Amino acid sequence: MKRFFASATAIALAAGIGTIASAQDDAPRQVVFTNVNIFDGTSEALIENGSVLVEGNLIKQVSADAIEAPDAFAVDGEGRTLMPGLIDMHSHLCIRNGMLEFRDNYDQMANGAYTAIAMQDYLDQGFTTVRDAGCNILGIAKAVNNGIVPGPRIYPSGAFLSQTGGHADTGSFNDVPGDQDDLEAHMFGFIADGVPEVMRAARHNLRAGATQIKVMAGGGVASEFDPLHTTQYSLEELKAIVGVAEDYGTYVLVHAYHDRSVNRAIDAGARVIDHNFLVSEETIIRMKEEGVALSIQAVMSLEAFGDPESITFFSADQKAKAAQVNSGAQQMMEWAVKHDLIMVTGGDMFGPDLVRQAENIIWFNDEVAKNPHLSLKTATSNAAEVLTWSGGMNPYKEGTLGTIAEGGYADIILIDGNPLEDIHVLKRSNVDFVMKDGQVYKNWLPDENAPAFQPAGPRRDAYFGNL
Ligand SMILES: [Zn+2]
């Protein structure tokens, strides 16, 4: 078997050139992972000492035995755990220090720079897919798909939809109705009221490639004008947004915390509730019965909001709201586990805290589920299932995500340790190898196991021609 030497083809690979072709012919390049223990994204047990064959950007074979692939480049995993790339279901790639930062201090150029850094942070920690829950990210998602900038797969929601005075209203106190606030100016969010406006906002996102629609359906923490107890958007408005999403073959996720807002969103047809931390057990049971998924922000609610004083950019009011969310979080998550909801992990972290993204799963497991297998599924196969709800707007239909299985996308990470035994091993410093779509973005393996295989950078051939 070949190794990763700095051949012309390896350089082409390193440069991140589209579907990988060998120098000799047009056949897709093969990579075989050997000596790995495989968590396939669903099974409770690892496949011990297995092998995985990748061809081009897809997984071709998964085996408990050696795989015969004489022309493949070999990566010796040395007993590491091979598992699907992680999926964060609630990113805000363009935000660094809260939603209000762009009002006075920065512009859209900074927005793009933040996003580039955030995407690198994600890849470095083994996150190969994110569902962005609101940001001006539609153009960058396109650039990632076109190989211009390195980043995880992005399921963008585009600008979040908020009513006047809703969670995404970042205007000034003296705004008059219709004034454009800074979030709108930067296309982070749309302030839209009434059925025609919300329909136009939803369609505007979908027109530019949003894969689902994000709606602020109740009070939030990191905002100024919406007390936490508020219910946002009328049933009529919510139904109109869901109708637009369904006409495009996709779905609506909502930001909501309490019974009134969550139940109204479900009445309207929303399929995913993000946050949800102040609901009753009855609402959890309803979510189970109606197949509504829960997107959990464990680090945010349990840790960060457990110590609101540590969030330096929060006002006193925002800190009080954070404490209130923290008070319900543990109980809600226990009910969600008890009633076996469809649970996914959505970090909702940004800025400097993003370097701890993988610990969302650790927190969720340690504090509530006490079940590493379930915790891992929230960021792999469970998340991938919800991503398929984007239906016709799903940009990644060639393979499956979140599983190590034949026909799946080659989104693969190698972990030093077994996260099914000890979830704490799942953190940045133990993520030794990251492949997305068959390309390598991180390689900390010893040279003799996968030598000279540099992380994929920007698509240099776009600037320098084919190397
Ligand atoms: Zn959020």
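**Group meeting: a strand pair, a helix and a methionine**

Okay, let's start with two strands: β7, residues 127-132, pairs with β8 in the parallel sense, over 4 bridges. If you want one spot to look at in that pairing, take Val 130, which stands opposite Ile 154 in β8. Before I go on, a reminder that this is a predicted model.

So what order do the strands of this sheet come in? Reading across, you get β6-β7-β8, an open sheet of 3 strands with parallel pairing. The edges are β6, at 86-91, and β8, at 153-156, and each of those pairs on one side only. As for the twist, neighbouring strands here are turned by 15 degrees against each other on average, if you ignore direction.

Let me zoom out for a second. The chain has 15 helices and 18 strands. Of its 467 residues, 56% are buried. And if you take the contacts with a separation of 6 or more, 69% of them are between residues 24 or more positions apart.

Now on to a helix, α7, which covers residues 235-247. Does the length add up? Well, what span should 13 residues give at 1.5 Å a residue? The answer is 18 Å, and the end C-alpha atoms of α7 are 18 Å apart, so the two agree.

Which residues of α7 are buried? Quite a list, here: Glu 237, Leu 238, Ala 240, Ile 241, Val 242, Val 244 and Ala 245. Notice that Glu 237 is one of the buried ones. As for what covers them, the cover includes two helices, α6 (195-207) and α8 (259-268), along with the strands β9 (160-162), β11 (213-216) and β12 (252-258). Then, just after α7, you hit Gly 249, which takes a positive phi of about 80 degrees.

Last stop is Met 332, which you'll find in helix α11, residues 316-338. Is Met 332 buried or exposed? It has 24 other C-beta atoms within 10 Å, and the cut-off for buried is 20 or more, so Met 332 counts as buried.

And who does Met 332 touch? Leaving aside neighbours within four places in sequence, Met 332 is in contact with Asn 276, Phe 277 and Val 279. Take Asn 276: it sits 56 residues from Met 332 along the chain, yet their C-alpha atoms are separated by 7.6 Å.

That's my tour, thanks.

Definitions and conventions:
Residues are numbered from 1 along each chain as its sequence is written. This is a predicted model: local features need pLDDT of at least 70, side-chain atom pairs count only at pLDDT 80 or more; totals for chains, interfaces and linings use all residues. The expected span of a helix is 1.5 Å times one less than its number of residues. A residue is buried if 20 or more other C-beta atoms lie within 10 Å of its own, exposed if 12 or fewer, and partly exposed in between; C-beta atoms are placed from the backbone. Two residues are in contact if their C-beta atoms, placed from the backbone, lie within 7 Å. Two strands pair if DSSP finds at least two bridges between them. Axes are lines fitted to C-alpha atoms, for helices over the stretch in contact, and angles run from 0 to 180 degrees between N-to-C directions.
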